[in-house]
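Biologist: I'd like to learn how to read a model like this one, feature by feature. Can we walk through it together?

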Amino acid sequence: MEFHIGRASYHRPGERGITITCVGSSGRRPVTLRAFFLPCIVLSIPMLIIGTAFLIVIKVL
């Protein structure tokens with residue numbers, strides 16, 4: 001993955017933009033924010049379930 005932080009002419013002073021590009025054998029592809037944050041959301045669901053179960057077990061004991 002390549003990260004490019006830049007400033008375009010339409011940004012306000014001090015504001016920056018970020019471009020994430022996936023570099024692989026099939027070429028270069030831009031990475032959307034949905035694809036970037038989707039694994040975090042998907043992985044947080046099982047952790048939330050496990051944490052809730054653990055909390056219930058502790059409260060019962």
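Modeller: Let's start with one residue. Leu-33 sits in helix 1, and this is a predicted model, so keep confidence in mind as we go.

Biologist: Is Leu-33 buried or exposed?

Modeller: The usual approach is to take the relative accessible area and call a residue exposed when the value is over 50%. Leu-33 has 55% relative accessibility, so Leu-33 counts as exposed.

Biologist: Which residues make the nonpolar surface patch with Leu-33?

Modeller: To find a patch, you look for nonpolar side chains that have over 30% relative accessible area and can be joined within 5 Å. Here, Leu-33 is joined by Met-1, Phe-3, Ile-5, Ile-18, Phe-36, Phe-37, Ile-41, Ile-45 and Ile-49, and the patch covers about 1100 Å². Strand 1 and helix 1 are the elements that give two or more residues to it.

Biologist: Which element gives the most to the nonpolar patch?

Modeller: Helix 1, with six residues.

Biologist: Now the strands. What is the order of the strands in the sheet?

Modeller: For a sheet, you follow which strand pairs with which. This one is an open sheet of three strands in the order 1-2-3, with antiparallel pairing. Strand 1 and strand 3 are the edge strands, each pairing on one side only. On average, neighbouring strands are turned by 30 degrees against each other, direction ignored.

Biologist: How many bridges are there between strand 1 and strand 2?

Modeller: Five, linking strand 1 (residues 2–6) to strand 2 in the antiparallel sense. One to look at is Ile-5, whose bridge partner in strand 2 is Ile-18. Both Ile-5 and Ile-18 also belong to the nonpolar patch.

Biologist: And how do strand 2 and strand 3 pair?

Modeller: Also antiparallel: residues 17–24 and residues 27–30 pair over four bridges. A hairpin of two residues joins these strands. Try tracing the partners: Gly-24 goes with Gly-27, Val-23 with Arg-28, and Thr-21 with Pro-30.

Biologist: Where is confidence lowest, and where is it highest?

Modeller: Begin with the overall figure, then go element by element. The mean pLDDT of the protein is 84, and 90% of its residues reach 70 or more. Strand 1 has the lowest confidence, at a mean of 81, while helix 1 (residues 33–60) has the highest, at 90.

Biologist: Then our starting residue, Leu-33, lies in helix 1, the element where confidence is highest.

Key: Residues numbered from 1 in each chain as written. Predicted model: local features only at pLDDT ≥ 70, side-chain atom pairs only at ≥ 80, totals over all residues. Heavy atoms only, no water. Pairing = 2+ DSSP bridges. pLDDT = per-residue confidence, 0-100. Axes fitted to C-alpha atoms, helices over the stretch in contact; angles between N-to-C directions. Patch = residues over 30% accessible without salt bridge, like charges linked within 9 Å, V, L, I, M, F, W, Y side chains within 5 Å. Areas by Shrake-Rupley, 256 points an atom, 1.4 Å probe, with all protein chains shown as cover. Salt bridge = Lys/Arg side-chain N within 4 Å of Asp/Glu carboxyl O. Buried < 20%, exposed > 50% of the residue type's maximum accessible area, 1.4 Å probe, protein only.
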